[in-house]
Amino acid sequence: MAKQLVIGDPEFLNRRIPMNRRYLHIKSVLDTGYSMSKYLEKLDEMHKNYRFRKGEIFKRLMVTKLAELILSVGASMNKDSKSTASDNIDLVPVMDLEKQPKATSCRSTLLSVVTGVGQMSVQPNDPAAVNNISVDLNVPYPDCPYLLLDVRDREQYERCHIISAFSFPRTMISRTMVPYPRIMLDYKNAPGKVIILYDEDERLAVDVATYLCEIGYKNLFMLSGGLKVISIKFPEGMVTGSFPISCYPKKKTYNMPKPVKAECNRWRFTADELNKIKNFLEIQYKSTTRSEAPVDLETTRLFT
């Protein structure tokens, strides 16, 4: 039997280019369209950052939608800062929520931002861009369309929390008589108002959101991913203080930033913080291409 002649190495085309760790963080700018690798990366990200459960009765809110809501409220409040500066609004401490002014009216842009209809434009020449207007950061937004509740412990809240968020620890719902703050009751099922719960990584917020929905809160949302996803997509501008250690990548070569204590009396975003949120939001929009196939809602159950 004649021996088959082989020219060259038959495994030459199967060889892979060796990986260089120096360039692992660099991604291709060319969009090659939707692929299985992109789909698997998206699923892997959801498994790492989100904790989905079967039979969830609450709705989820994406971090990008929260950023749009913050930008729309911050821009509108800064435009009306001259008219609101003369109003007498007392500073409300975190633990004294009963004195919070009652919110009754609604905002036209709220439902469109939350549901994703009429997505907010973040172009450089957008008329909703933030101007450097001096505002009192220690005064809550009047008639704010959203209520942020941090369900972690008080100590964790003092280390880091989203600006304009109130402290509502999970241990509050385990009491026989739950002392609901007045502002929370004012926002309950109010037209044009939403209540948003968040924690560090969805370990606590899921139980609180389920309980509140069971007792009749229909306008309640849980922030998907919590502070962990915020540290990835919006590392600056959205929170005050330093992110928890668990939010940072577990790498030996990663330099941990110096811890900064959160400002508990900060109720408004500065113009610089709003601009940072706007810039990071533009990056998120650019990374999400139209060529990507939609992910099944039954698989992800993300409220978009």
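Two strands are taken to pair if DSSP finds at least two bridges between them, and it is on this basis that the strands of this predicted model are described below.

**View 1. Strands β5 and β6 run parallel to each other.** The two strands β5 and β6 are joined by 3 bridges. Within this pairing, Ile-196 is found opposite Phe-221, the latter belonging to β6. Helix α7 packs on the sheet here, where it touches both β5 and β6, and the direction of α7 makes about 175° with that of β6.

**View 2. An open sheet is formed by 5 strands with parallel pairing.** Read across the sheet, the order of the strands is β1-β6-β5-β2-β4. The edges are occupied by β1 (residues 59–61) and β4 (residues 165–167), each of which pairs on one side only. On average, and with direction ignored, neighbouring strands of this sheet are turned by 35° against each other.

**View 3. Helix α7, spanning residues 205–214, carries a set of buried residues.** These are Ala-205, Val-206, Val-208, Ala-209, Leu-212 and Cys-213. When α7 is seen down its axis, the buried residues fall within an arc of 165°, and they therefore line one face of the helix.

**View 4. The surroundings of α7 include a helix and two strands against which its buried residues pack.** The packing partners are helix α6 (182–187) together with the strands β5 (194–198) and β6 (220–223). Just after α7, the chain reaches Gly-216, a residue that takes a positive phi of about 115°.

Terms used: Residues are numbered from 1 along each chain as its sequence is written. This is a predicted model: local features need pLDDT of at least 70, side-chain atom pairs count only at pLDDT 80 or more; totals for chains, interfaces and linings use all residues. Side-chain values use heavy atoms; hydrogens and water are left out. Buried means under 20% relative accessible area, exposed over 50%, partly exposed in between (1.4 Å probe, protein chains only). Helices (H or I, at least four residues) and strands (E, at least two) are DSSP runs, numbered from the N terminus. The arc is that of the directions from the helix axis to the C-beta atoms. Contact means heavy atoms within 4.5 Å. Axes are lines fitted to C-alpha atoms, for helices over the stretch in contact, and angles run from 0 to 180 degrees between N-to-C directions.
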